[in-house]
Amino acid sequence: MDIRALRYAVTLAEELHFGRAAQRHYISPQPFGRHIQRLERELGTQLFERTSRRVTLTPEGERLIAEARTLLDTVDSLTEGNRRRTADENLLTLGVLGFGLAERWRDLTAAVHGHDPAIAFSYAELDLADQYEAVRSHRVDVGIVQYVGPVDGLVFEHALTMPRVVVVPARSSFADADRLTEADVSDSPWLPTALAHPALEAWSGPAADGSHSRGALRHPAAIPSAVATTGRIALHAEAASRFYPHPDVRFVPLDGPPVEIAVATRATDDRHAIAAVRHATRLLG
């Protein structure tokens, strides 16, 4: 049995709404619903009553959801306990989205090592689609991510804010603009980029189109080259002009909400090293 499907069922029992429950796991309602249907087939019973207006638990569903919560608590406890037994408490796997903290990385590590010089990091690359789930699922201990709002199970410490830009081909009519608005570029062809959270779609505005397509870009470093190759435009943060320069694109300031970079950790992770990272991130401000 797929543990992930059990998590989906528990979330649906809490929300009693397929759309909201799917959002909490960063997938669309259609595949979320298929996981629920498959679980019901495996269990041989209907967990939820669905109508066009509401979702309710069946009596059998109430019993099985209670058992699923107990099972998931046990699984999470085993996972965390095994990680604590086998991992170096001072070695943290750091997941980084794109350029991460940009020029502030040395400041963060200096603050961490001022708290405890023994703390060390191993590196893992995050992408736009899995930046939150990588932390929640224990693939990384710490994530440097784009913050757009709360995410179940995670604690965020704000690290820095920077303006957003639109990446345009150098031959584009926008290339020489001092600043653009969403209205200026709303009808332009956008490069589809993968988005991990509904709030990211709201933040992206017109750039959100195509974010769930199979060919959506997942890595911020690839955006300038993709813009140059396709002639489409894309959103990025201001630091991209320094970390991902490309002779055939321009980075033009774009009005709208800025890019918020945060350090994400699991809410249940109370290790000394994690506390040091959270404290060091707060010092950046």
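Okay, let's start with the lining of the largest pocket: its residues split into 13 nonpolar, 12 polar and 15 charged. Bear in mind that this is a predicted model.

So what is the volume of that largest pocket? It comes out at about 1,300 Å³. Forty, written 40, is the number of residues lining the pocket, and Arg7, His25, Glu133, Arg136 and Ser137 sit closest to its centre. Looking at elements, helix 1, helix 4 (59–86) and helix 6 (133–136) each give two or more residues to that lining. Helix 4 has the largest share, with eight residues.

Let me stay with helix 1 for a moment. It covers residues 3–15, so to speak, 13 residues in the run, and spans 19 Å from first C-alpha to last, close to the 18 Å expected at 1.5 Å a residue. Which of its residues are buried? Those are Ala5, Leu6, Tyr8, Ala9, Val10, Thr11, Leu12 and Ala13. Just after helix 1 you hit Leu16, with a positive phi near 55°.

Now, the enclosed space. The structure has one cavity of 30 Å³ or more, and the largest cavity holds about 290 Å³. Its lining is made of 20 residues, and nearest the centre you find Leu128, Gln146, Pro220, Leu235 and His236. Helix 8 (198–204), strand 8 (234–237) and strand 10 (259–266) supply at least two lining residues each, with strand 8 giving the largest share, four residues.

And how do the residues of the cavity lining divide? We get 15 nonpolar, five polar and no charged. Set that beside the pocket lining, with its 15 charged residues.

Terms used. Residues numbered from 1 in each chain as written. Predicted model: local features only at pLDDT ≥ 70, side-chain atom pairs only at ≥ 80, totals over all residues. Heavy atoms only, no water. 1 Å grid on protein atoms, 1.4 Å probe; cavity = no way out; pocket = protein on both sides within 12 Å on 5 of 7 lines; lining within 4 Å. Points joined across faces, edges and corners; volume = space filled by probe spheres on them. Nonpolar A, V, L, I, M, F, W, Y, C, P; charged D, E, K, R; others polar. Expected span 1.5 Å × (residues − 1). Buried < 20%, exposed > 50% of the residue type's maximum accessible area, 1.4 Å probe, protein only.
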